[in-house]
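Biologist: I am new to this structure and should be grateful for a close look at one part of it. Please take the salt bridges as the subject, and place them in the setting of the whole chain.

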Amino acid sequence: MHYKRLITLLYIFLICGSVLTAKDIYICETDNHPIAGASITCLDSSTDSVSSFVTPSSGIISITDSIVKQIIIEHPGYSSILFRLVPNTVADTVKLTRALSLSEVTVVPDVMTQGLTHKTFRLSMKAMQHYPTFFQALGEIPGITIVSGKSLFFQGNANVKLLLNGVNSTSEELATIAKEDISRIKVYEVPPARYSVQGYSAVIDVITKNELTGGNIGINIDQGVYPVKGDNAAALYYNYKRSRFSLLYSNSNSHLRKIRRDQNIEFEFDGKEYHKYKTGVDSHENKDNNNITLSFQNNHPESYLYNLRAGIIMDREGGDYLQSVTTNDISNHFNAIQKLHTRYHGITVSNYFEKQFGRKGNQSCLMADVTYRRILSRYNSAYSEFTDPNGSETASNDMNSSYKTTIDEVLSEASYTFPSFKWGEIALTASNTYKTSNFRDSKMPISQTSNDFDILANLSAKSGKVYYFATIGLSWMHLSASELNQSYNLCLPSPDITIQYNPSRSFSMRAGYSYSGGIPSIAQLSETNQWLDTKLVYHGNSKLLPYKKHTAYINGSFNSDYVTGSLHLSYMSSPDMICSYFRQEPDYMLETFINLRSYTEMSSMFDITLKPLGNNIWTIWNRIITSKVKGDSPEYDWKGYRFQWMCATSINLNKWNFQAFYQYPGKIATGQLIRPRAQCWFLTALYRPLQNMSVGLKWWMPFGQHFKESERTTSSAIVKISNKYLASDWANTLFINFLWNFSFGRNKNRARPQIYNNDTDTGILKK
């Protein structure tokens with residue numbers, strides 16, 4: 001009897017002792033740093049879950065329940081582990097190794113998959129973790145340069161089309177998506193036909209992973225406090241299996257308080273010389289642009305993709321520019337004010353559908369896209385002079401104009417790509433843009449209808465190391481307006497031919513020719529007077545005709561571990577090009593538009609990136625553009641020249657990112673206007689306290705006096721105008737940078753759990 005009581009008391013003591021005795025387990029990395037936020041699932045001997053919790057910042061967990069025999073340790077950044085508790089120990093240590101997605105491939109800059117129409121890159125998480133956002137990580141791809149985290153250049157060209165899963169995208173959107181959602185990036189050095197006719201030099205299509213669950217929030221802030229100036233974006237994304245929802249908001253703002261506009265005007269009118277020298281006085285200028293986009297996408301790999309997107313645009317800009325005026329009579333001195341205010345509101349709804357037929361490797365594809373846009377804009381301008389020497393507030397010369405424009409536009413497009421042949425593939429594309437515009441003012445309202453229809457047959461072929469891209473199409477353009485005596489129609493072939501030679505994976509050459517045309521816009525046709533001065537007026541020309549354009553180019557690109565570069569040479573000839581022009585009217589001098597007799601432009605662009613360490617940790621980028629233009633009108637001709645140089649250097653470390661940028665004050669020739677480029681520079685430093693969070697500063701034009709832009713007419717123009725724009729408070733300015741991307745409710749593409757145990761005699765295989 002006493003023996004049984006003793007056994008019972010001993011059993012109770014052992015149970016209580018096992019319950020009260022805690023086992024400490026230290027969760028850490030291979031270098032013994034603690035891991036916080038790891039999910040712990042406790043299992044009994046039957047592998048049933050009995051409890052769960054999350055590791056604290058110390059990485060130490062305590063297990064007091066004796067029925068727990070093993071635990072599963074999971075963390076998004078590490079490989080999952082099944083750990084068996086070792087009996088008769090007070091503390092154990094578990095080291096986790098970094099997770100590796102077996103479906104990912106680490107790609108160095110010169111390794112990619114070459115397809116018939118494009119190159120495919122897969123950026124590893126290790127490569128992307130050196131950058132604050134995925135958009136900046138695109139700089140890992142040869143030929144792509146990212147400046148200031150929001151401007152993208154490909155082989156020196158800035159007119160690059162950005163797509164996300166084949167659908168129109170923006171740098172703001174690509175900067176806010178999660179890096180772990182990215183599957184691959186397609187780079188089209190020769191754009192598909194539907195984008196080449198729009199003038200794009202290249203296309204970058206970002207493809208996200210499928211079968212994801214969960215979401216992420218991206219925040220991208222680049223904001224100056226004084227002056228108030230910045231570009232900001234925030235986005236919410238949620239994935240549920242085949243569906244993806246997104247909400248994107250972007251804002252661009254500028255509230256400057258020390259703006260000066262200097263202007264010199266010289267011309268002869270009615271036998272009299274007019275000279276005015278206008279010196280700017282500190283003035284205000286405001287800009288607020290807002291964009292909200294909501295989209296839904298459903299995607300079944302190798303079957304179909306549907307995307308619905310709706311957006312709202314709300315923009316407003318304005319400024320009241322004070323000036324002190326002196327005429328050719330130095331004693332004649334007075335004040336003036338020039339006002340310019342615009343509002344721009346719009347909505348966009350687009351449907352994109354893509355369907356694939358057949359089996360993988362022998363598929364055809366049907367694509368359709370329909371977009372509706374409605375744009376409402378208001379324009380108000382005024383110029384007033386106060387010549388009363390007694391300081392009267394009544395303007396002696398007061399000119400103003402205002403008008404409203406409503407534009408409704410439907411863009412529709414359909415494309416069918418046939419199954420691939422051994423030698424290449426064929427695609428047919430048809431697109432139509434229908435637009436109605438109504439221009440309303442107090443004197444001369446205008447309504448315009450335009451219709452652009454294109455049908456294109458695109459051929460892509462390969463023979464050895466030579467690639468052929470040929471687009472044979474027909475374009476029909478129609479224009480009718482209430483101010484025109486007749487409607488205008490332009491029907492012309494639109495060939496676009498490119499030959500590319502890839503002798504090696506690091507070098508390629510291509511040459512091309514295209515023939516296209518265009519029709520004038522409603523803004524160019526409107527003849528509403530906009531007063532620039534008492535004897536100088538700007539308005540359009542209702543008699544403008546469609547124009548045609550020939551373009552030929554040759555391009556060479558080179559890529560290695562240490563150098564990436566390209567050289568682009570082109571020649572453009574455009575009979576009947578629409579160009580700005582000055583002429584004399586009975587009551588004033590007029591700045592308007594005309595169809596030239598001829599217009600030619602020869603240009604070159606050299607783009608080079610140096611990588612002294614053989615990778616993208618340190619890069620040095622340079623871009624140089626030169627061109628010569630010549631215009632020939634019925635009355636006189638002129639020549640213009642362009643030179644532009646910009647450079648940047650970037651350092652991308654594990655925790656830090658640095659970039660320095662400089663733009664030389666070159667010049668651009670546009671018609672009869674010469675626009676010297678603004679000289680500017682900045683420094684950026686970003687620190688990552690967390691893997692997906694960056695904080696830092698951008699120092700815009702350190703030790704600079706003012707930001708300056710200008711333009712002037714060519715020497716042959718009958719009106720000599722020189723404009724200078726000076727922003728004294730947009731120099732030596734600090735911007736706050738904050739970038740954060742965090743996920744919620746995610747399923748991770750992890751490796752399978754590893755088996756790990758300190759007891760080497762159990763016979764369990766270690767992986």
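Modeller: The account below begins with the chain as a whole, turns to the salt bridges, and then considers a charged patch and some backbone features.

The model is a predicted one. Its protein chain contains 6 helices and 47 strands. Of the 767 residues in the chain, 46% count as buried. The accessible surface amounts to about 37,400 Å², and carbon and sulfur atoms hold 57% of that area. Where contacts join residues at least 6 apart in sequence, 62% of them join residues at least 24 apart.

The salt bridges number 16 by the rule applied here, a side-chain nitrogen of Lys or Arg within 4 Å of a carboxyl oxygen of Asp or Glu. Three of these pairs may be taken in turn.

One of them joins lysine 150 and aspartate 222, whose closest N and O atoms are 3.4 Å apart. The two residues belong to distant parts of the chain: lysine 150 is in the loop between β10 (144–147) and β11 (151–154), aspartate 222 is in strand β16 (residues 212–224), and 72 residues separate them. Are the two partners buried or exposed? Lysine 150 counts as partly exposed because its relative accessibility is 31%. Aspartate 222, by contrast, is buried because its relative accessible area is 8%, which is under the 20% limit. This pair also belongs to a wider arrangement, for Lys150, Asp222, Asp231 and Lys698 are linked in a network of salt bridges.

Another pair is formed by arginine 309 and glutamate 173, whose side chains meet at 3.4 Å, N to O. Here too the pair links distant parts of the chain, with arginine 309 in strand β20 (residues 304–327) and glutamate 173 in helix α4 (residues 171–174), 136 residues apart. Both arginine 309 and glutamate 173 are buried.

A further pair consists of aspartate 533 and lysine 278, with 2.6 Å between the closest N and O atoms. Aspartate 533 is in strand β30 (residues 530–533) and lysine 278 is in strand β19 (residues 272–300), so this salt bridge ties together parts that lie 255 residues apart in sequence. Aspartate 533 is buried, since its relative accessible area is 2%. Lysine 278 is likewise buried, with a relative accessible area of 2%.

Charged residues also appear in another setting. Arg343, Arg378, Lys404 and Arg440 form a positive surface patch. A residue in such a patch must have over 30% relative accessible area and no salt bridge. Arginine 343, one of the patch members, has a relative accessible area of 40% and is therefore partly exposed. Its place is in strand β21 (residues 333–359).

The backbone deserves attention as well. Most residues other than glycine have a negative phi, and most peptide bonds are trans. Against that background, the peptide bond from tyrosine 226 to proline 227 is cis, with omega near 0°. Proline 227 lies in the loop between β16 and β17 (228–241). Strand β16 is the strand that holds aspartate 222 of the salt bridge described above.

Two residues other than glycine have a positive phi and may be set side by side. For aspartate 576, phi is near 65°. Aspartate 576 is located in the loop between β33 (563–573) and β34 (578–584), and its relative accessible area of 28% makes it partly exposed. For methionine 701, phi is near 50°. Methionine 701 sits in the loop between β43 (693–700) and β44 (707–713), and it counts as buried because its relative accessibility is 1%.

The loop between β33 and β34 also contains methionine 577. With a relative accessibility of 14%, methionine 577 counts as buried. Which residues are in contact with methionine 577, leaving aside its neighbours within four places in sequence? They are Tyr547, Met572, Ile594, Asn595, Leu596 and Tyr599. Between methionine 577 and tyrosine 599 there are 6.3 Å in space, C-alpha to C-alpha, and the two residues are 22 residues apart in sequence.

Terms used
Residues are numbered from 1 along each chain as its sequence is written. This is a predicted model: local features need pLDDT of at least 70, side-chain atom pairs count only at pLDDT 80 or more; totals for chains, interfaces and linings use all residues. Side-chain values use heavy atoms; hydrogens and water are left out. Helices (H or I, at least four residues) and strands (E, at least two) are DSSP runs, numbered from the N terminus. Buried means under 20% relative accessible area, exposed over 50%, partly exposed in between (1.4 Å probe, protein chains only). Patches are made of residues with over 30% relative accessible area and no salt bridge: like charges are joined within 9 Å, nonpolar side chains (Val, Leu, Ile, Met, Phe, Trp, Tyr) within 5 Å. Accessible areas come from the Shrake-Rupley method with a 1.4 Å probe; for residues, only the protein chains shown count as cover. Lys and Arg count as positive and Asp and Glu as negative; His and the chain ends are not counted. The place of a charge is taken as NZ of Lys, CZ of Arg, CG of Asp or CD of Glu. Contact means heavy atoms within 4.5 Å.
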